[in-house]
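Q: I'd like to learn how to read a helix and a pocket in a model like this one. Can we go through it together?

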Amino acid sequence: MTGMSGHNVTIRRIGEPGDLGWVVMAHGQVYAEEFGWDQTFEALVARIVADYAAERDPAREAAWIAELDGERVGCVFCVANDDTTAQLRILLVHPYGRGLRLGARLVDECLEFARHAGYKRMVLWTNDPLVAARHIYLDAGFRLTEETPHHSFGVNLVGQTYELDLTKS
């Protein structure tokens, strides 16, 4: 699909060689540059990606890559939290891909998949500095249900839990 900017934008399922490694690398680089987070964050992303690769149930879990002119610029994962709850994980849009609503499109793919897979609700955990992501979640209908201060990734943060009832449109 060609976007308003004239760029070729694609959202596809993760599955090409290098996709999983890109997810880990991009998270590590972007979060270090933009928020000063240390390698413990990259390690967390690596564990999430490794668990997905090793244990995923294709009927209930999926992940997507956003591409801009053939280059990876974004990702999101939908994994099982429990039998009725999906979890949105590791949404990222690289700075090169921002401004094209790729984050919203990735979240929409995740929500559509979760509904089709039969989940009743979706949860996600994020942190307070991620303002752009928070706007995407709120626009998609998520509501903030919990905030907890913590020290992680080398910085002081406020963890935020969001939930969405998938049975409502």
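A: Start with the ruler: the expected span of a helix is 1.5 Å times one less than its number of residues. Helices (H or I, at least four residues) and strands (E, at least two) are DSSP runs, numbered from the N terminus. This is a predicted model, where local features need pLDDT of at least 70, side-chain atom pairs count only at pLDDT 80 or more, and totals for chains, interfaces and linings use all residues. Residues are numbered from 1 along each chain as its sequence is written, and side-chain values use heavy atoms, with hydrogens and water left out.

Q: What span does α3 reach from its first C-alpha to its last?

A: With 15 residues, α3 reaches 21 Å, close to the 21 Å expected. Just past α3, Gly 118 has a positive phi of about 95°.

Q: Which residues of α3 are buried?

A: Buried means under 20% relative accessible area (exposed is over 50%, partly exposed in between; 1.4 Å probe, protein chains only). In α3 the buried ones include Leu 102, Leu 106, Cys 110 and Phe 113. Across the chain, 44% of the 169 residues count as buried.

Q: How many helices and strands are in the chain?

A: The chain has four helices and seven strands, in the order β-α-α-β-β-β-α-β-α-β-β from the N terminus.

Q: Which elements each supply at least two residues of the lining of the largest pocket?

A: On a 1 Å grid over the protein atoms alone, a pocket is an open set of points where a 1.4 Å probe fits, with protein on both sides within 12 Å along at least five of seven lines; lining residues have an atom within 4 Å of a point. Here, α1, α2, β4, α3, β5 and α4 each supply at least two.
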